[in-house]
Amino acid sequence: MSVTNIHPTAIVAEGASIAASATIGPYAMVGPQVVIGEGVQIGAHAVIDGITDLAEGVQVLPFASVGLPPQDLKYKGEPTRVIVGARSIIREHATVHRGSVGGEGVTRVGADCLIMCVAHVGHDCQLEDRVILANNVMLGGHVHIGDNVFVGGGTAIHQSVRIGRQAVIGGMSGVERDVIPFGSCMGNRARLIGLNLIGLKRRGFGREAINALRAAYRGLFLGRGTFDARMALVAQDQGSQPQVAEILAFIEASSRRGLMRAGRQTDEAAEAEAA
């Protein structure tokens, strides 16, 4: 490790493992159980503590903190940890807390994620790859977010909520229930307003897949009869389509918070659904 990569005012505890190509800025603090991979950049005044592993290319910008104790009164200093995947970016003043003994003991941020300024990732959260949390997003403990999810600024997500992959959450929302894969929701309290059609198209989903998802969404959330009966009908009619099968499996999986249902669509969402 070249000392020229570490600013002389930074405080790096003995025992920390730091790759030779990593850089640590002025007044940053790195704890004794931290592992910092190749090409990691730690900005001025950032704090990395606890049993924390930053994979290659991670950026932690000024005044952010990663690996500090969970905001859980039951936590008594147990050896829980944080793992941040390759090339993820944690912007200014964002916080990522270590896991708790009441959860999996690990808070995970996947690869190529972007956690914008002042966002908070609570203890035991599991973020898959390419998740974007806009400014001031707040994740309670044990939240699980799938690949390619975008969460709009100022949104609060209740602890133990699941967000399926490729979903989009509108800004300033209050999310208390699980959001299906490919879904779009917004509001306080948030309700489904349709599918994440823009995201589906950007990710290369074809017309056949999108049409199947539209039909499944209408059948599940806008149809008549009990929800169980609608589930059975969608499974019968569209269940062989992979993305529809994924939604059905997500719904059938165990949930602590229950499933978010559809509310009144905005004009924009209704227009997109009809397109």
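## A walk through the strands and the helix pair

Let's start with strand S26, residues 183-187, which runs antiparallel to S27 and is joined to S27 by five bridges. Keep in mind as you look around that this is a predicted model. For a reference point within this pairing, find cysteine 185, whose bridge partner in S27 is leucine 192. One residue of S26 worth a look is methionine 186. With a relative accessibility of 36%, methionine 186 falls in the partly exposed class, because that class covers the range between the 20% cut-off for buried and the 50% cut-off for exposed. From the C-alpha atom of methionine 186 to that of serine 255 is 20 Å, and the two residues sit 69 residues apart along the chain.

Now step back to the sheet that S26 and S27 belong to. This sheet is open, has 10 strands and mixed pairing, and reads S3-S6-S9-S12-S15-S18-S21-S24-S26-S27 from one end to the other. Strand S3 (23-24) and strand S27 (190-195) each have a single partner strand, so they form the edges, and one side of each has no neighbour in the sheet.

Next comes another open sheet, this one of eight strands with parallel pairing, in the order S2-S5-S8-S11-S14-S17-S20-S23. Its edges are strand S2 (17-18) and strand S23 (162-163), each of which pairs on one side only. Zoom in on the stretch around S14, residues 106-109, which pairs in the parallel sense with strand S11, residues 81-84, over four bridges. Two pairs help you line these strands up: arginine 81 has valine 106 of S14 as its bridge partner, and valine 82 stands opposite threonine 107 in S14. S14 also pairs in the parallel sense with strand S17, residues 126-127, over two bridges. There, arginine 108 is matched with glutamine 126 of S17.

A further run of parallel pairings involves S10. Strand S7 (residues 47-48) pairs with strand S10 (residues 65-68) in the parallel sense through two bridges, and isoleucine 48 has valine 66 in S10 as its bridge partner. S10 also runs parallel to strand S13 (residues 95-97), with three bridges joining them. On that side, serine 65 is bridged to threonine 95 of S13.

Time to leave the strands for a pair of helices. Two packed helices are described by the angle between their axes and by the distance between those axes. Here, helix H3 (residues 227-238) packs against helix H4 (residues 242-252) at about 150 degrees, with the axes 10 Å apart. Angles over 145 degrees count as roughly antiparallel, so that is the label for H3 and H4. The crossing of H3 with H4 is left-handed. H3 brings Phe227, Met231, Val234, Ala235 and Gln238 to the contact, while H4 brings Val244, Leu248, Ile251 and Glu252. By type, the residues of this contact are seven nonpolar, one polar and one charged.

What about the loop between H3 and H4? That is where you'll find glutamine 241. Is glutamine 241 buried or exposed? Its relative accessible area is 13%, and the cut-off for buried is under 20%, so glutamine 241 is buried. Setting aside neighbours within four places in sequence, glutamine 241 is in contact with Ala209 and Ala212.

Terms used: Residues numbered from 1 in each chain as written. Predicted model: local features only at pLDDT ≥ 70, side-chain atom pairs only at ≥ 80, totals over all residues. Heavy atoms only, no water. Pairing = 2+ DSSP bridges. Axes fitted to C-alpha atoms, helices over the stretch in contact; angles between N-to-C directions. Parallel < 35°, antiparallel > 145°, perpendicular 65-115°, else oblique. Left-handed = near helix turned anticlockwise from the far one by under 90°. Contact = heavy atoms within 4.5 Å. Nonpolar A, V, L, I, M, F, W, Y, C, P; charged D, E, K, R; others polar. Buried < 20%, exposed > 50% of the residue type's maximum accessible area, 1.4 Å probe, protein only.
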